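Thanks for sharing this one. Here are my notes, set out as numbered points so that you can follow them with the structure open.

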Amino acid sequence: MAGKTTISAPKGVPDYIPPASRTFVAVRDMLVAAADRAGYSPIELPVFEDTALFTRGVGESTDVVSKEMYTFTDRGDRSITLRPEGTAGVMRAVIEHGLDRGALPVKLVYEGPFFRSEAPQAGRYRQFHQVGIEAIGSDDPALDAEVIAVGHEAYRAIGLTGYRLELTSLGDAVDRPAYREKLQAFLAGLPLDEATRERAKLNPLRVLDDKRPAVQALLSDAPLMLDHLSSGSGEHFRQVLAILDRLAVPYVVNPRMVRGLDYYTRTTFEFVHPLLGAQSGLGGGGRYDGLMAELGGQPLSGIGFGLGVDRTVLAAAAEGLTVGQSARCEVYGVPMGEGASRELAVIAGRLRAAGIRVDRSYGGRGLKAAMKSADASGARIALVLGDRDLEQGTVMVKDLLSGDQHPVALDRVESAVRDILGDPTPTVPAHRPE
Ligand code: HAM
C-alpha cells in the first residue's frame, strides 16, 4: 500500500521546535519583561481584524498594505486581514474599550504572531513574532525617550551589544506637507524612471529609501525633513536626544531613515543589527500622532515600537550568546522495572508539586540508554530506582555534575534534591485576595 504524502508548513512560515524553541521563548519573555519594568500592561488582541483597520491605519500606499496583507472574505462576506502589525489593532481596542478616557498615557505591551506575505529569506518570514509597546496620550519628549530606552534595555538584558539605534524626526502635521512639497519639487527635477516618478507623486518620502545606487547618487542633495522641522518639532526632538544622552543610550541620527508604515510623525527610530545581513531591522517604532483620530478616536498622540523576536534570536546567535536555560529539567528519573516506574511517577509528581522541574524515562530501557537520556536532558540530578531500591524504600540520588551518588530514603528525596540544587528561584504564587 502506498504511503500518504506528508504535509509541510506553508512557505516562509517557521516552526519553533526544541531545543531552539527554548531560546525563542526566553528571548520573547525578556523583551516583554523590559516593558513590564516600565509599567506597561499586557494587552492580548485578535490576530485577524477588519481589513479597513489596516488600509486606514497603516496606509494604502505602503508595501505592507498594498502587497503583503493576507486578506480574505469570511463566511459572512466580510473582508478580514491577518494582522501585519500591532499598532492599528491596539488603537482600535483602546478606542473601542474607552481606555483613552482613563488616566493617560495608556501604556500597553503585546507579543504574538504577525503576518506579511513577503518573499521569504533569512530573517524575513510570512509569520513572524513581535513584542510591541504603545504609549498613548502624552506628547512629553520624556515618553519618547522612555519607549526608546525600554527597547535598548530589552536588548541589553539579552546581552546584545552589536546593534545600532538610529533615529530621526519626521515632523508633524504642519511641517510635513511643506517639506513634502519641497521634496516633490526636487524629485520632479531628477531624471527618474516612470515608476519612481509615480512613487514620488504618491509618497515622495519612500523614494529616499530607494536602494539602487544610481538613484541614491541623484538623491545626495535631496532636502531632508530634519532640516525643515518647525521650532516645536525641532525642540521636541532635541529634548528626546538630551534625555537619551543622560541615560547613556547610544544613537546615531539618520535623517534619511524611511519606515515602512505611513502613520509615523516626529520621533522615529530603528534598531539595526549589522550582523543580520539584508534584514538588519531588529526593531523599530516612533510617534503616530494622527493615528487615533484617523481611526475615529480622539486626537491623542502616541508612540511605540515593535521588536522582531525572530531577528533578535538571530542576532543573539550571531553574537555568540546563549539565551535561556537549555536544561529541560533539573531532575531526571531512571526507573529499572515496572514497579519502579510506578513509584517514580509518584516521586516525580511530588517533586513537581514542590516546584522542581522533573522529567524521566519511560518504557523499560536499559540503564545505559536511560543515563544517556538523563545527560541529554541537561538535568543536574538523576534518580535511579531499581527493584532492590524499592524493596529497601530508597532511591539512588546521583549528582551528574560531580558523579557523587548515594541512596536516599523515599520520603527524604525532596530535601536531598534541594541540597544539591540550592535554593529555588522565588516565584510569585497565585493567591486569592483576602
Ligand atoms: P515594523 O518596522 O514594520 O514596525 O516591524 C517591527 C519589526 O518586526 C521589524 O524591525 C522586524 O524586526 C520585525 N519584522 C517585520 N517584518 C518581518 C518579517 N517579515 N519577518 C521577520 N520579522 C519581521 C511595526 O510593525 C510597527 N507596528 C512598530 C510600531 C509600534 N511602531 C509604533 N508602535
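**Notes on the model**

1. Let me begin with a residue in a strand: Arg-266 is found in strand β9. Its phi is near 45°, a positive value in a residue other than glycine. Most residues other than glycine have a negative phi. Arg-266 counts as buried because its relative accessibility is 11%, and the cut-off for buried is under 20%. Please keep in mind throughout that this is a predicted model.

2. A second residue with unusual backbone geometry to look at is Asp-77, a non-glycine residue whose phi is positive, near 65°. Asp-77 belongs to the loop between β3 (70-73) and β4 (79-82). Is Asp-77 buried or exposed? Its relative accessibility is 67%, so Asp-77 counts as exposed.

3. Two cis peptide bonds are also worth a check. One runs from Pro-18 to Pro-19, with omega near 0°, and Pro-19 is in the segment before α1 (20-36). Another runs from Leu-104 to Pro-105, again with omega near 0°; Pro-105 lies in the loop between α4 (87-96) and β5. Most peptide bonds are trans.

4. Now for the overall picture. The protein chain has 434 residues, of which 46% count as buried, and its secondary structure comes to 16 helices and 16 strands. The C-alpha trace spans about 90 × 65 × 45 Å along its principal axes. Taking contacts between residues at least 6 apart in sequence, 71% join residues at least 24 apart.

5. Back to β9 and its surroundings. β9 (residues 265-272) runs antiparallel to strand β7 (residues 164-169), and 6 bridges join them. Within this pairing, Leu-165 stands opposite Phe-271. β7 also pairs with strand β8 (residues 252-253), in the parallel sense and over 2 bridges, with Val-253 of β8 as the bridge partner of Leu-167. Strand β7 is mostly covered, with 5 of its 6 residues buried.

6. Phe-271 turns up again among the aromatics. There are 9 aromatic pairs in the structure. The ring centres of Phe-269 and Phe-271 are 6.0 Å apart and their planes are at 80°, so this pair is edge-to-face. Both residues are buried, and they form one aromatic cluster with Tyr-155 and Tyr-163.

7. Another pair is Phe-114 with Phe-128. Here the ring centres are 6.3 Å apart and the planes at 35°, so the pair is tilted. Phe-114 is in strand β5 (residues 106-115) and Phe-128 in strand β6 (residues 127-136), 14 residues apart, and the pair links distant parts of the chain. Phe-114 and Phe-128 are both buried. Arg-83 lies over the face of Phe-114, at 4.2 Å from the ring centre.

8. What is the strand order of the open sheet of 5 strands? The order is β13-β12-β14-β15-β16, with mixed pairing. The edge strands, each pairing on one side only, are β13 (358-360) and β16 (405-409). From one strand to the next, the twist averages 30°. β12 (residues 331-336) and β13 run parallel and are joined by 3 bridges; one bridge partnership is that of Gly-333 with Arg-360 in β13. The charged end of Arg-360 sits over the ring of Tyr-362, 4.0 Å from its centre.

9. Two helices lie across strands of this sheet. Helix α13 (residues 338-353) lies across β12, β13 and β14 (381-386), and runs at about 165° to β13. Helix α14 (residues 367-377) lies across β12, β14 and β15 (394-399), and runs at about 170° to β12.

10. Helix α14 shows two sides nicely. Its buried residues include Ala-370, Met-371, Ser-373, Ala-374 and Ser-377. They lie on the same side of α14 because they cover an arc of only 155° around the axis. Residues three or four places apart in an α-helix point the same way, because there are 3.6 residues a turn. What covers the buried residues of α14 includes β12, β14 and β15. Lys-368, Lys-372, Asp-375 and Ala-376 are exposed on the other side of α14. Just after the helix, Gly-378 takes a positive phi of about 85°.

Conventions: Residues numbered from 1 in each chain as written. Predicted model: local features only at pLDDT ≥ 70, side-chain atom pairs only at ≥ 80, totals over all residues. Heavy atoms only, no water. Pairing = 2+ DSSP bridges. Helix = DSSP H or I, 4+ residues; strand = E, 2+ residues; numbered from the N terminus. Axes fitted to C-alpha atoms, helices over the stretch in contact; angles between N-to-C directions. Contact = heavy atoms within 4.5 Å. Buried < 20%, exposed > 50% of the residue type's maximum accessible area, 1.4 Å probe, protein only. Arc of directions from axis to C-beta. Phe/Tyr/Trp six-rings, centres within 6.5 Å; stacked < 30°, edge-to-face > 60°. Lys NZ or Arg CZ within 6 Å of the ring centre and 35° of its normal.
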